[in-house]
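Here are a few exercises on reading a fold from its sheet and its cores. Have a go at each one before you look at the solution.

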Amino acid sequence: MMDDREKTLASARTIVVKVGSAVLTTKQGLHLSVLYNLVEQLARLAASGRRVCLVSSGAVAAGRTALAGRGCTAEGMSGKQALAAIGQGRLMREYEHAFAAQGMVCAQVLLTRDDLRSRTRFLNARNTFMQLLDWGVVPIVNENDSVSTDELTKFGGNDILSAHVATLCEADLL
């Protein structure tokens with residue numbers, strides 16, 4: 001007999017998965033074997049008929065890796081924002097390779113809290129998420145750290161963002 005947790009998991013059609021920097025990174029940068037393993041698990045969820053959305057940290061670490069050995073030091077908020085700007089594309093490139101290896105397509109969605117406060121922007125984001133999910137594309141969401149400091153300065157930034165994303169894509173499970 002299934003307990004409530006198993007019933008919820010079995011009946012969830014749309015799932016938001018949140019993965020933080022502590023999981024995806026090491027002191028050297030992105031932990032690629034973990035990233036590829038995560039994508040394999042998400043692909044299995046999608047293959048079982050579920051719609052999957054990923055909220056992912058890791059851009060700052062990817063940026064730090066890109067600058068390693070160049071004598072650059074990222075100090076203060078502007079340094080972290082610059083690392084995020086460098087690393088976001090690198091993080092997405094790894095996700096694109098990992099999802100392509102599974103025969104899947106992913107999409108980058110960068111949001112700020114201001115995007116979610118504006119009714120028009122919220123609705124535009126929701127429409128985008130719904131279209132991506134309808135196409136079987138995995139939205140990969142991160143806070144737009146080069147213009148917003150919420151995640152960089154507050155504990156649990158992507159935890160809060162993932163809750164908003166779950167609302168945006170009408171998720172059954174986060």
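**Exercise 1.** How many bridges join β1 to β4? Then work out the strand order of the sheet.

*Solution.* Keep in mind that this is a predicted model.
- Start with the pair: β1 and β4 run parallel, and six bridges join them.
- For a landmark in this pair, take Ile-15, which stands opposite Val-52 in β4.
- Now widen the view: the open sheet has four strands, ordered β1-β4-β6-β5, with parallel pairing.
- Look for strands that pair on one side only, and you get the edges, β1 (14-19) and β5 (106-111).
- Finish with the twist, which averages 25° from one strand to the next.

**Exercise 2.** Which strands does α3 lie across, and at what angle does it run to β4?

*Solution.* Follow α3 over the sheet: it lies across β1 and β4, and runs at about 155° to β4.

**Exercise 3.** Which residues of the largest nonpolar core touch the most other members? Trace where the core comes from.

*Solution.*
- This core has 20 residues, and the ones touching the most other members are Leu-35, Leu-54, Tyr-95, Phe-99, Cys-106, Val-138 and Ile-140.
- Next, map elements: at least two core residues come from each of α3 (32-47), β4 (51-56), α5 (76-101) and β6 (138-143).
- Zoom in on Leu-54. Skipping neighbours within four places in sequence, its contacts include Val-17, Leu-38, Leu-42, Tyr-95, Val-138 and Ile-140.
- Don't stop there: apart from the largest core lies another, of 19 residues, including Phe-122, Ala-125, Phe-129 and Val-165.

Note on methods. Residues are numbered from 1 along each chain as its sequence is written. This is a predicted model: local features need pLDDT of at least 70, side-chain atom pairs count only at pLDDT 80 or more; totals for chains, interfaces and linings use all residues. Side-chain values use heavy atoms; hydrogens and water are left out. A nonpolar core is a set of buried Ala, Val, Leu, Ile, Met, Phe, Trp, Tyr and Cys residues joined through side-chain atoms within 4.5 Å. Buried means under 20% relative accessible area, exposed over 50%, partly exposed in between (1.4 Å probe, protein chains only). Contact means heavy atoms within 4.5 Å. Two strands pair if DSSP finds at least two bridges between them. Axes are lines fitted to C-alpha atoms, for helices over the stretch in contact, and angles run from 0 to 180 degrees between N-to-C directions.
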